[in-house]
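I opened the notebook with a short list of places to look up. Here are my entries, in the order that made sense to me.

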Amino acid sequence: AAAAAAAVQTPAPAAPAREGAIPEKETDAFPMTGAAQAVPATPAKKKGPSRPFIPALDSTRFFLISYIAVGHFIACCTKNPLALALLSQVNVVVGAFFVLSGYVVAYTCTELGKYEASARIKPAPQFVASRVMGYYPLYLLAQCVFAPVFLFADVTYNGPIAAAWHGLLTTTLSQAWFPAHAELWNAPTWFLSALTFATVCLPFALPAIASWRRRGLKRAMWILTAVSVLAKLAYSYDTNGWFFMEGTMSPRSHPSWLFWNSIRFSPFAALVEILIGCVAARLVMVRECKAEDDPDGVGASDAAKLVLGGSNGLAAQSPAIPALGMAAVIIARAFGWLRLNDALTRGLIFIPLFTAFVMRVHRQTVYADLPNAGRPGYNSFSKALGAKWLTYLGAISFPIYILHGPIGQIFYKRVVAQKLWGKVFTADPWFFPVYLAIVLVAAALTHELFMKNKDVQGWFQAKGRELAALF
């Protein structure tokens, strides 16, 4: 995973900034929303490279959230087993969002060409508040606008006292800490609850990560991956669920749904995946550091290479390769060719592939696309993915993420839909594309009228600074 921009509007020069040059502003990107907050830049003391804008990462956000939004409600329009298997692997794909969040944070909040974190992460309370206020305003707006929908269903099933408690949990973004209730009210927003915990940890983790040389970063990547996979192995072993397809299972058909929830909603597991993204970003960024500062490193042309990260300048190292790999994993599981549960697929295969993808996009954009920007006929995978219409869809991805759940409840949650329409729209499969169109239009309007409203976003940022001052 604030304020007013549609995407991360960082400067995009192909070469380092002039010595002594003072950029008008830099932008601090919010990883989930893709929105940006202008941060006054301090005068450059010496020559150093600038962070280019990587538009393909914005577009990537849209493809991820589109799959997740469809997957959350696909069972409402079809019972076809293959379609459900293809589109219900949300628990696998959501891990990519955590990695992307960490990647963007490390890219914008650690120094390029130096082994240190940016000054913007201090003081920690201000850093955390500014990040949270990047996504909380829209979250709170949806919480208030759709409160009648949430409360009606909650009071009907659980009573007013439990509904009030659930309202407190969700408003304070605490729901991910309660595995049996992580999907209260606006179900997909458990992600923000877990992300908030990770955000609190990041100002204390980033200085260490930024100080690591290539060898330390590689070790950290292996260790973080091992920790992530170990928890998933424990779940698989204890439930004997090695071959589950959890996305198509019901709680009654699972031997321990609560154990599964404790794995997939865990804020600690989310932090590990976010740190994987941070380490991946630094593995690319250390290319700009001086070779003599890393005696254990390698030549500049290979400074960012890691497992599937690829070598610069080779066609075989295109981001398209891991992108196709991710698609192949989803398809292979749907057809039964790859029999591995959601948790292990995510930790062992999908996240490494996605990490390789974002690293390759980063490197292709900075070291191939920008130097060749003026060359007639030049194109690349990252350049195509960074098309303006795709980056706009990436900009409205956060509203899609926030709104698709409540809007879906209006049409597909039985107690709500029966009250509003006298029927549940699961009886009308043709309506599903209409629902998706409604979400897309609502997201675009929300982006234009709320996310880009500088007064609203500025007010929330000011309140965030006041709150941070208490700490």
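For the entries on neighbours, I took contact to mean heavy atoms within 4.5 Å. One reminder to myself: this is a predicted model.

**Entry: proline 399**

I began with proline 399, which sits in helix H15 (residues 397–412). Leaving aside neighbours within four places in sequence, I found proline 399 in contact with Leu138, Ala443, Thr446, His447 and Met451. I then checked the pair with methionine 451: the two residues are 52 apart in sequence, and their C-alpha atoms are 8.6 Å apart in space. Is proline 399 buried or exposed? Its relative accessible area is 1%, so I wrote it down as buried, the cut-off for that being under 20%.

**Entry: threonine 189 and leucine 173**

Next I went to the loop between H6 and helix H7 (190–211), where threonine 189 lies. Threonine 189 has 0% relative accessibility and therefore counts as buried. Which residues does threonine 189 touch, if those up to four places away in sequence are not counted? I listed Tyr139, Leu173, Gln175, Tyr401 and Ile402.

Leucine 173 from that list deserved its own look, and I found it in the loop between H6 and H7. I noted a positive phi of about 55 degrees for leucine 173, although it is not a glycine. That caught my eye because most residues other than glycine have a negative phi. Leucine 173 is buried, at 7% relative accessible area.

**Entry: asparagine 240**

I met a positive phi again at asparagine 240, at about 55 degrees, and this residue is not a glycine either. Asparagine 240 is placed in the loop between helix H8 (214–239) and helix H9 (257–264). With a relative accessible area of 59%, asparagine 240 is exposed.

**Entry: glycine 216**

While I was at H8, I looked up glycine 216, which lies in that helix. I have glycine 216 down as partly exposed, with a relative accessible area of 25%. Glycine 216 and valine 279 are separated by 63 residues in sequence, and I read 9.6 Å between their C-alpha atoms.

**Entry: the bond before proline 123**

What kind of peptide bond joins lysine 122 and proline 123? I found a cis bond there, with omega at about -10 degrees. Most peptide bonds are trans, so I marked the spot. Proline 123 belongs to the loop between helix H3 (90–109) and helix H4 (124–145).

**Entry: H5 against H6**

I turned to a helix pair, helix H5 (residues 147–158) and helix H6 (residues 160–171). Their axes come within 7 Å and cross at roughly 135 degrees, which makes H5 oblique to H6. The crossing of the two is right-handed. On the H5 side I listed Leu151, Asp154, Val155 and Asn158, and these meet Pro160, Ala162, Ala163 and His166 in H6. By class, I recorded five nonpolar, two polar and one charged residues for the contact of H5 with H6.

**Entry: helix H1**

My last stop was helix H1, which covers residues 55–73. At 1.5 Å a residue, its 19 residues should span 27 Å, and I found the end C-alpha atoms 29 Å apart, which agrees. How many of the 19 residues of H1 are buried? I noted 16, so H1 is largely enclosed by the rest of the structure.

Note on methods:
Residues numbered from 1 in each chain as written. Predicted model: local features only at pLDDT ≥ 70, side-chain atom pairs only at ≥ 80, totals over all residues. Heavy atoms only, no water. Helix = DSSP H or I, 4+ residues; strand = E, 2+ residues; numbered from the N terminus. Expected span 1.5 Å × (residues − 1). Buried < 20%, exposed > 50% of the residue type's maximum accessible area, 1.4 Å probe, protein only. Axes fitted to C-alpha atoms, helices over the stretch in contact; angles between N-to-C directions. Parallel < 35°, antiparallel > 145°, perpendicular 65-115°, else oblique. Left-handed = near helix turned anticlockwise from the far one by under 90°. Nonpolar A, V, L, I, M, F, W, Y, C, P; charged D, E, K, R; others polar.
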